[in-house]
Number of protein chains: 2
Amino acid sequence: MPFSALPRRVEIVEVGPRDGWQNLPDFIATNRKIALVNSLAGCGFREIEVSSFVSPRAIPQLRDAAAVFAGLQRSPAVTFAALVPNERGLAQAAAAGVDKAVFFISASETHNRENLGRSIGESLADFAAMMARLPAGMAVRASISNVFGCPFEGEVPIERVIWLLGKLRGLGIEEITLCDTWGVATPSQVYRVVCQVRDAGAEVDLGLHLHDTCGRALAGVMAGMQAGIRRFDAALGGLGGCPFAPGAAGNLATEDLAACLAAMDVATGIDLAALRRTLDELRQVVPAAASHMAAFWDGCRH
Amino acid sequence: MPFSALPRRVEIVEVGPRDGWQNLPDFIATNRKIALVNSLAGCGFREIEVSSFVSPRAIPQLRDAAAVFAGLQRSPAVTFAALVPNERGLAQAAAAGVDKAVFFISASETHNRENLGRSIGESLADFAAMMARLPAGMAVRASISNVFGCPFEGEVPIERVIWLLGKLRGLGIEEITLCDTWGVATPSQVYRVVCQVRDAGAEVDLGLHLHDTCGRALAGVMAGMQAGIRRFDAALGGLGGCPFAPGAAGNLATEDLAACLAAMDVATGIDLAALRRTLDELRQVVPAAASHMAAFWDGCRH
């Protein structure tokens, strides 16, 4: 009975403030960002991706990363992470007191060039330089984009994913997230890819980041759980999308995942009532935030 | 590896014209209904729920059930089904040439009374009378609502579902669909309920009808497939909802399910290109029709 073998506890990493907000056209005021991230921290997440230390021209929405970090109510229970694209970003992240740096690379050469402006080999060289300068006490995670398909290249060979995992592991990166940036992964594909990665002997702490473009993200989480994954990214209100992945819609909505896991008696540490209040707070600022649970909860108010 | 044990073929029953349209506020002209159902028949569905032979006052949208059936291009490859609530409806369905009558009953006494205006016992007595008058050649399916939870009663005991299945089986009804009318079933619950029903020895042809209220319907289908279910209801454009189930949103969108199964190499017999054209046709008539695949396909047009 596969569903009795599910993990009893999984971790939801809230990536909304970074991945969910980065492409929103209207700038969210820094004090509102701070208030929202502090509210999220009060919901019981163990980790939140707060912002990106990228060029303000590349992602204007996140140009206030340092200011947001300065306003956070720190707690030893919550890891505040940020995307760090290069050595310059790493220095800024260190100055801002970022707990964990998130490195990004794509399993698709074309997508890596479109999204990051460099080859996969160049990205790996950057990571090596960044690992050499990693401040003491700063944790690292690497996210691999387009593991499950690429709008430019189509299917991505599993061999390339396994090769990339080996390279990252060789750089000392032990926490890695496989991302379905386009949002096309089927549940059976998620299960197969995770098993293939495991079978290849990659001794890494694996997580999944699934976009809900085709409505399959929650089903993919269930498949990932059945394959033994215990860490999943999600974004409050299902916000997100990728400008370099045509047709890609938002992230899996945190509240849809958290409510489902709670109903399945899978522990996440998340306080659903607090999450619902934070969702209401987010919707005051970003009316586009929406999800199945948002509509369900709205319906139940009547 | 549970995902390698999935069925190689599953059947999607298109229930949009009945369950998806019944609560739409604007009447769809009969000739448009006929054109849409004929288009659906051309997509490769083996069965379509076309309409309901209920009181025109109860569901004004489906008051033209007989006229719609009169306009269908019949094919031996497609079963045209209709909801039949009582003996009068059965006589009308017989006159209209309905291939399969669908009986409805709820696993929740309160919901049965709210939705059907009678007790579960009275509904079973009606079914007995209808089975005694079933026209030669007309097939029957029973759908059990609220199997996975009820907005009025909360959790529905599995014993009541199994008892109801036994009663229906005793009436000679061999095809039964378990419905999550409220749309709250978790994947693990779907798996557990199907296994419990099977373990109870119910020798019936079981299907699942999952609403997407909480965004779990596709994950529920995957769980159902892992439990051996091979027949699933879905509605084009994700239309639907239940006026007697507060907060209940639409059905699982046929195109989301069909596209996911196609990507998993699970055969459904559905021509995705024809389905996409029919979805475009539906959206001309019902702008509210929407789904993840609708948005994805729209995005890919740019």
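Trainee: Is Asp265(B) buried or exposed in this predicted model?

Mentor: Asp265(B) is found in the loop between α10 (254–263) and α11 (272–285) of chain B. A residue counts as exposed if 12 or fewer other C-beta atoms lie within 10 Å of its own. Asp265(B) has 10 other C-beta atoms within 10 Å, and therefore it is exposed.

Trainee: What is the phi of Asp265(B), a residue that is not a glycine?

Mentor: Most residues other than glycine have a negative phi. Asp265(B) is not a glycine, yet its phi is positive, at about 60 degrees.

Trainee: Is Asn146(A) buried or exposed?

Mentor: Asn146(A) lies in the loop between β5 (139–145) and α7 (158–170) of chain A. Asn146(A) also has a positive phi, of about 55 degrees, although it is not a glycine. The cut-off for a buried residue is 20 or more other C-beta atoms within 10 Å. Asn146(A) has 29 C-beta neighbours inside 10 Å, so it counts as buried.

Trainee: How are α10(A) and α11(A) oriented to each other?

Mentor: The two helices pack with their axes 11 Å apart, at an angle of about 165 degrees. Angles over 145 degrees count as roughly antiparallel. The orientation of α10(A) and α11(A) is therefore roughly antiparallel.

Trainee: Is the crossing of α10(A) and α11(A) left-handed or right-handed, and how many residues of each class make the contact?

Mentor: The crossing of α10(A) and α11(A) is left-handed. On the side of α10(A), the contact is made by Thr254(A), Glu255(A), Ala258(A), Ala259(A) and Ala262(A), and on the side of α11(A) by Leu272(A), Leu275(A) and Leu279(A). By class, the contact of α10(A) with α11(A) has 6 nonpolar, 1 polar and 1 charged residues.

Trainee: Which term describes the orientation of α7(B) to α8(B)?

Mentor: The axes of helix α7 (residues 158–170) and helix α8 (residues 187–199) of chain B come within 10 Å and cross at roughly 50 degrees. Angles under 35 degrees count as roughly parallel, and those from 65 to 115 as roughly perpendicular. The crossing angle therefore makes α7(B) to α8(B) oblique.

Trainee: Which residues of α8(B) meet α7(B)?

Mentor: The crossing of α7(B) and α8(B) is right-handed. From α7(B), the residues taking part are Ile158(B), Val161(B), Ile162(B) and Leu165(B), and their partners in α8(B) are Val193(B), Gln196(B) and Val197(B). By class, this contact of α7(B) with α8(B) has no charged residues, 1 polar and 6 nonpolar.

Trainee: Which element gives the most to the side of chain A that touches chain B?

Mentor: In the contact between the chains, 36 residues of chain A meet 36 residues of chain B. The elements of chain A that give two or more residues to this side are α8 (187–199), α9 (217–226), α10 (254–263) and α12 (292–301). With 6 residues, the element that gives the most is α12(A). The residues of this side of chain A divide into 22 nonpolar, 10 polar and 4 charged.

Trainee: What kind of axis relates the two copies?

Mentor: Two copies of a chain are related by a rotation about an axis and a shift along it. Here a turn of 180 degrees and a shift of 0.0 Å along the axis lay chain A on chain B with an RMSD of 0.0 Å. The copies are thus related as by a two-fold rotation axis.

Trainee: Which residue of chain A comes closest to the rotation axis?

Mentor: The same surface serves both copies, as 100% of the contact residues of chain A recur in chain B. At a C-alpha distance of 2.0 Å, the residue of chain A that comes closest to the rotation axis is Ala219(A).

Definitions and conventions
Residues numbered from 1 in each chain as written. Chains lettered and ligands numbered in written order. Predicted model: local features only at pLDDT ≥ 70, side-chain atom pairs only at ≥ 80, totals over all residues. Contact = placed C-beta atoms within 7 Å. Helix = DSSP H or I, 4+ residues; strand = E, 2+ residues; numbered from the N terminus. Nonpolar A, V, L, I, M, F, W, Y, C, P; charged D, E, K, R; others polar. Least-squares fit on C-alpha atoms with pLDDT ≥ 70 in both. Axes fitted to C-alpha atoms, helices over the stretch in contact; angles between N-to-C directions. Left-handed = near helix turned anticlockwise from the far one by under 90°.
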